[in-house]
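Subject: Structure handover

Hello,

Here is the structure we spoke about, with the sequence alongside. My notes on what was found in it follow below.

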Amino acid sequence: MRLKAFWRLQERWKILNGASRDVNKTLKTAYSLEHWKKGALFRSRYPNSVAIQKCKTTTSFPGTGSPSVLLQEDLQPLKNPGESRRSHLANIKRGQIFKGVYKVRVATGDFLGSGTFDTISISLVGSKGESPKLPLNNRGKDFIPGTVDEYDISNDQDLGDFLMIRLHKDRYLFFPEDSWYCSFVQITTPQGETYHFPCYQWMEGYRTLDLREGTAKLICDDADCPLLLQHRSEELKSRQDAYRWDVFAPGMPRCLEVESLEEMDTNSKFNFTKISGFLLKSKLTTLELKLKGFMNRTESWKKLSDMRNIFWFNKTPVSEYVAEHWEEDTFFGYQYLNGVNPVVIEKCTEIPSNFPVTQEMVAGSLAESTTLQEEVQKGNIFIVDYEILQGIPTNIIEGERQYLAIPLCLFYQTPTRDLIPIAIQLSQTPGPENPIFLPSDSKWDWILAKMWVRNADFHIHQNLSHLLRTHLMAEIFSMAALRQLPMCHPLFKLLIPHLRYTLQINTLARVRLIKEGGMMDRATSAGYEGIVPLVAKGASRLTYSSLCLPEDIETRGVSAVANYYYRDDAMNIWVAIESFVRDMVRYYYWSDDRVQNDPELQAWIQEVFREGFQSRENSGAPSSLGTREELIKFMTMVIFTCSAQHAAVNSGQFDFGSWIPNVPPTMRRPPPTKKGTASLESILNILPPVNITCLALTSLWLLSNEVGDRRLLGHFPDEHFSETEPKRLIRGFQSRLAKISQEINERNKSLALPYEYINPLRVENSIQI
């Protein structure tokens, strides 16, 4: 059976190799022995014994010997909601490893390539010793993708308290090494007690992998067991060796130290289904443009309408709506509330001195019997200021200089609750050569002024709102968690679904998008030489409060602006995440002392502060946490950033950017210095040429579309938690998200342009595109 299945698999891989060389090359390196060595667990003592003892004394964790393991009969919801987990743990029976027959269930991953032909065996580890290797081998093929294999194993020793298991992967006969993805192991003792051991990782090479039972534990909960402390320590040591910090460019936040995708640890990579789907969509999109001859055309567009023929298939209802309504002032304003960058608009409490808009200029845009100053006082005037672009160098594309404006744009919320632009200045310095453009100007003067604003917004969105504030911050959260939180830590279990694939997609971005010669360098006004200082400037100004949605809304003064669907939906999701996190944190941290005396948590926070906020005290970010409320807020911010916030600034990129005049990625002429010079012909010569337009759109299409292996917010198929209470809390979280989704769907029925981007049914747990 093994031999026949093996040759079938070999034939399948030959076919795949001929169809997709790039994918196989990536996978072959990903599954190499050297990468497994990085993630393997070795053995040494945990160094922080003082902190452990202090935590133990504070919490008065009961008993001596090994920490207890939750038994199936004890995994029941707490009868008294106010009962602390400390009391709950104090009454749990200790599991023992006695002689007898144990039932073992082993789950293999459900995706292509996750099975193995290698020999798998198991050892039971107790406080008094360890069993020999016990083979896991049934008649026929074992460990097929998507299966749960069941085995009976005999143990002839009394090993004391049940601490962990060891999985051993060895050569099978003469066959080559074959990587294996193990999802979980479940063991039932002769006494009927059941233990769940989460794994959800690859075993590569001939290795031994230690797995703990799934009950989440702080380090102080392991204080009585040197072996478990040793396991925590060596797990972190191996991860710190595998996940090292590196500098991509001066001033930018640090990142994972890899030169290419092939160097990444396999457990951080896309699975076969996702990477092959991603590459296929990329090839098909490029193929369509090549077949039409667009990629080789360097001339300007002849007509705006020609841009609607770029794609036959890659169109959406929103992209078609944008192409129809992009010239309208109401739609221009709408995008600052519900477009792809809804986080930059602020209430204007005073007209800036460098933006001398007068009553006479805007009287025709305001309601009757009112003035600009009165509307400012009423809170109906808003502003977007792109001052951060000041001094950013611009790009040269195919020998042609590109340009950026540094505009200010004033908005007015009308009595009909529309948000419309009423004045635009394209430079930060007022003067005769920097006129203030108005809706009353000629049609093309006003349209061109708005296009310069949208070009500036493109760069702020792509490099700050999207890249810095979601992707790069999520990478820092991920790196710090992998380096400082062991798999058994409750915060690691809570965070890991929201960090999935983030390192892979960010590495892909550095390799293909933002490096010299990447898409952003070949198709945008800033290019690589402008992106680096812009992101660095944004990082130096980043504040903790700007990442915390309620504070950001309050700081920008937009809590009362009408028709702000992003704000409404995001706040509902923030509250749902916060409620979920609060219950989880209070379950594992029943006092502030447990927060203060958790050295692994504090190390994670310190690393995020150092790497994400560059150790800046003026960022307002914490370098340590002292209370449960501080921890709840921080965890809510992390999960929200990695899920809903990323969806808000990512998913609509193609919808709003596919009509290039609405969001031009680059401009080929300088901003106008006087009115009356714009025409349709001049605008066509300012917009990017045909080939650069297509290059930009190809990237926007790929970045806006999820490719297989999706995991929506609140859905956690990998069961890292084994206790009943966390599982109950997860179900409650899912119910709250389902209710939010229903409310969004009901509201959208009455909207001409539904706002769907952070509907929980579309939001991913993590940043993976």
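Helix H25 covers residues 690-703, which is 14 residues. At 1.5 Å a residue these should span 20 Å, and the C-alpha atoms at the two ends are 20 Å apart, so the expected and computed lengths agree. The model is a predicted one, which applies to everything below. In H25, 14 of the 14 residues are buried, so the helix is largely enclosed by the rest of the structure.

For the overall picture, the protein has 26 helices and 19 strands. It contains 769 residues, and 61% of them count as buried. Among contacts with a separation of 6 or more, 77% are between residues 24 or more positions apart.

Next, a pair of helices. Helix H19 (residues 565-588) and helix H26 (residues 724-748) have axes that come within 10 Å and cross at roughly 170°. An angle over 145 degrees counts as roughly antiparallel, and that is therefore how H19 stands to H26. On the H19 side the contact includes Tyr565, Ile573, Phe580 and Tyr588. On the H26 side, the residues met include Pro726, Leu729, Phe733 and Ile744. By type, the residues of this contact divide into 15 nonpolar, two polar and six charged.

Now the sheets. One of them is open and has four strands, in the order E6-E2-E8-E9, with antiparallel pairing. Its edges are strand E6 (148-155) and strand E9 (194-203); each has a single partner strand, so one side of each has no neighbour in the sheet. On average, neighbouring strands here are turned by 20° against each other, direction ignored.

Within this sheet, strand E2 (residues 100-108) pairs on both sides. Towards E6 there are eight bridges, and the two strands run antiparallel. Three of the residue pairs can be followed along E2:

- Gly100 has Asn155 of E6 as its bridge partner.
- Val101 is opposite Ser154 of E6.
- Arg105 is bridged to Glu150 of E6.

Towards strand E8 (residues 180-188), E2 forms six bridges, also in the antiparallel sense. Here Val104 of E2 has Ile187 as its bridge partner in E8.

In a regular strand, side chains alternate between the two faces of the sheet. The edge strand E6 can be read with that in mind. Asp149, Tyr151, Ile153 and Asn155 make up its covered face, while Val148, Glu150, Asp152 and Ser154 make up the uncovered one.

A second open sheet has five strands, in the order E13-E14-E17-E18-E19, and its pairing is antiparallel as well. Strand E13 (346-347) and strand E19 (436-437) are its edge strands, each pairing on one side only.

How many residues of strand E17 (residues 408-413) are buried? Six of the six are, so the strand is largely enclosed by the rest of the structure. Leu408, Leu410 and Tyr412 point one way from E17, and Cys409, Phe411 and Gln413 point the other way; all are buried.

E17 has a partner on either side. With strand E14 (residues 381-385) it pairs in the antiparallel sense over five bridges, and Asp385 stands opposite Leu408 there. With strand E18 (residues 419-425) it pairs in the antiparallel sense over six bridges. On that side Leu408 has Gln425 as its bridge partner, and Leu410 stands opposite Ala423. Leu408 is thus paired with Asp385 on one side and with Gln425 on the other.

E17 and E18 also form a hairpin, with five residues between the strands. In its turn, Arg417 has a positive phi of about 75°. Helix H9 (residues 329-338) lies across E14, E17 and E18, and runs at about 95° to E18.

One last residue is Leu508, in helix H14 (residues 502-512). Is Leu508 buried or exposed? Its relative accessibility is 6%, and buried means under 20%, so Leu508 counts as buried. Leu508 and Leu261 are 247 residues apart in sequence, and their C-alpha atoms are 7.0 Å apart in space.

Regards

Note on methods:
Residues are numbered from 1 along each chain as its sequence is written. This is a predicted model: local features need pLDDT of at least 70, side-chain atom pairs count only at pLDDT 80 or more; totals for chains, interfaces and linings use all residues. Side-chain values use heavy atoms; hydrogens and water are left out. Two strands pair if DSSP finds at least two bridges between them. Axes are lines fitted to C-alpha atoms, for helices over the stretch in contact, and angles run from 0 to 180 degrees between N-to-C directions. The expected span of a helix is 1.5 Å times one less than its number of residues. Buried means under 20% relative accessible area, exposed over 50%, partly exposed in between (1.4 Å probe, protein chains only). Angles under 35 degrees count as roughly parallel, over 145 as roughly antiparallel, 65 to 115 as roughly perpendicular and the rest as oblique. Contact means heavy atoms within 4.5 Å. Ala, Val, Leu, Ile, Met, Phe, Trp, Tyr, Cys and Pro count as nonpolar, Asp, Glu, Lys and Arg as charged, and the others, Gly among them, as polar.
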